[in-house]
Amino acid sequence: MLARVVNAQLAGRVVSRARAVAASSATHQSARPPFTPRPRASSRRARGPPIVVVVVASSSSSSAFAAMSSSAASAPPPQQTPPPPYGFSSAFDSGNGELVSATADVLTVRMTEEPFTEADGRRHFQWFHFRVTGNRGNNLAIVIANAGESSYPDGWDGYKAFISADRKTWTRVQETSYDGAALTIRLSPTPSDCVHLAYFVPYAHEKHLDLVARACASAAPGPIVTHETLGLTLDGRAIDALRFGEPGVWTPEPRAAGLSPADAAAVVASTASAPAWERDGGVKRNVWIIARQHPGESMASWWMEGFVGRLLDPEDAVAKKALRRAVVRVVPCVNPDGAARGYLRVNASGANLNREWETPSLERSPEVYHVRNAMDATGPVDLMLDVHGDEAEARSPHTGSLAFNPDTPRRLSTPSDAFQLHPDVRSYGTTLSRTASSSAERARPGGTTAEPACRANSSARTRGRARTFSACSRSSTAARRRGTSSPRRRRCRRGSTASG
């Protein structure tokens with residue numbers, strides 16, 4: 001009843017006020033002179049009578065409004081999914097991984113696909129590298145959901161992911177399992193408040209620059225090291241090359257076993273069967289060693305670090321002997337763009353560089369274009385070693401090479417000819433390369449790991465393709481010494497070009 005009286009009083013006041021305003025306006029209009037047009041220059045507009053809106057509230061509308069207000073006040077706020085109690089990121093050098101979902105116990109990630117590769121007819125992916133922060137002491141299952149769709153799913157069988165709390169010491173996560181579709185990495189518990197997980201031990205571009213700078217800063221009694229930028233990648237990174245030693249002629253070391261006639265005869269006998277170049281000396285051999293055409297094979301960079309370290313060591317007898325006889329040119333990382341982008345197989349344009357050697361181009365594969373031109377410019381290549389990793393050999397790197405024996409009847413004139421005749425042969429032969437892996441293990445900061453990212457080639461050599469080529473290589477070498485041909489080697493060449 002009280003509300004009805006108050007509403008009536010308010011309505012009456014509003015209506016009275018409106019009538020008074022209307023009467024005053026009518027009186028004002030009647031007192032004004034007749035209308036005359038104003039000059040157009042004036043922009044002032046005449047004002048009409050004010051518009052009055054009268055709202056009369058009834059008791060029913062008041063009660064309805066009160067009910068709506070009460071209902072709105074009592075409604076619970078919309079439910080929001082709480083953020084996970086940890087952080088996730090892959091936005092750094094060689095990072096790869098997209099967040100799918102995250103709960104307190106399970107983190108689901110997808111590996112990012114690379115640009116389409118025409119030579120392979122697909123988008124590659126298998127490399128991952130990301131970090132988890134703020135989860136120290138808690139159990140966490142990390143699920144890589146698209147592992148079964150990766151480029152080499154067979155590589156997940158028996159695979160153990162790598163983890164590091166300081167990005168120097170890396171160990172295997174033993175609780176890594178693969179069910180044919182997803183890869184699950186269980187941290188029980190998470191060892192630190194910031195952990196990095198990766199497909200293999202990463203080798204960042206900064207470490208590559210450190211390696212190049214360390215080699216160039218070496219001084220006597222070590223070898224003379226000359227740096228050359230062969231060209232630029234599509235992302236503008238330099239393609240670094242290191243030359244160990246100077247071109248020229250070498251002479252054999254004096255051979256002496258004693259002063260007696262028997263000792264002198266022994267020296268003559270030891271050199272009688274040696275090739276003329278080994279016995280008398282001659283022009284230094286031209287050796288090229290490259291690595292990391294496939295950026296996801298980071299173990300190749302660790303191998304290269306050990307290899308360069310051996311060449312720089314003035315106390316290494318094997319390295320000293322090799323550099324006395326050869327000029328060694330090293331390209332530590334052929335594909336720095338792919339490595340920095342977190343790719344597995346390709347460069348910035350999506351080119352698989354190991355398939356570009358026949359017809360490289362500046363627009364698609366400038367890395368191969370510049371390296372191949374530099375090789376051609378140095379003259380006949382006596383040995384070219386290409387260092388790779390193998391997804392099916394998760395614990396060992398291997399080296400694929402084009403091996404040119406200096407005593408073969410037909411010397412290949414350019415690397416271009418070599419790739420046309422022998423595009424992807426695997427070899428594991430040189431003394432220096434066999435021990436470079438263990439040197440890389442010693443050189444890596446933080447000591448050894450539970451499963452080294454780079455180790456000797458012994459297990460890789462047992463693979464069928466390598467074993468076949470090794471047998472063919474030995475057979476062909478013996479045939480050359482006998483002065484006969486080697487059809488078995490030709491068969492081996494055709495059968496060894498499937499992958500790499």
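Two strands count as paired if DSSP finds at least two bridges between them. Keep that in mind as you click through this predicted model.

**Stop 1: a hairpin.** Select residues 225-232, which make up strand β13, and then add β14, residues 238-244. These two strands pair in the antiparallel sense over 6 bridges. Want one pair to look at? Show valine 225 in β13 and its bridge partner in β14, phenylalanine 244. Together β13 and β14 form a hairpin, with 5 residues between them. While you're at the turn, click on glycine 236, which has a positive phi of about 90°.

**Stop 2: the other partner.** Stay on β14 and add strand β18, residues 326-331. Here, 3 bridges join β14 to β18, and the two run antiparallel. Pick out arginine 243 and you'll find that its bridge partner in β18 is arginine 329.

**Stop 3: β14 and its surroundings.** Is β14 largely enclosed or not? Of its 7 residues, 5 are buried, so the strand is largely enclosed by the rest of the structure.

**Stop 4: empty space.** Rolling a probe the size of a water molecule over the atoms shows where empty space is left. Across the whole structure, a search turns up 3 cavities of 30 Å³ or more. The largest cavity holds about 80 Å³ of space. To find it, select Tyr203, His208, Arg292, Ser301 and Cys333, the closest to its centre of the 14 residues in its lining. Next, colour α3 (205-216), α6 (299-312) and α8 (336-341), the elements that each give two or more residues to this lining. What kinds of residues line the largest cavity? They divide into 9 nonpolar, 3 polar and 2 charged.

Note on methods: Residues numbered from 1 in each chain as written. Predicted model: local features only at pLDDT ≥ 70, side-chain atom pairs only at ≥ 80, totals over all residues. Heavy atoms only, no water. 1 Å grid on protein atoms, 1.4 Å probe; cavity = no way out; pocket = protein on both sides within 12 Å on 5 of 7 lines; lining within 4 Å. Points joined across faces, edges and corners; volume = space filled by probe spheres on them. Helix = DSSP H or I, 4+ residues; strand = E, 2+ residues; numbered from the N terminus. Nonpolar A, V, L, I, M, F, W, Y, C, P; charged D, E, K, R; others polar. Buried < 20%, exposed > 50% of the residue type's maximum accessible area, 1.4 Å probe, protein only.
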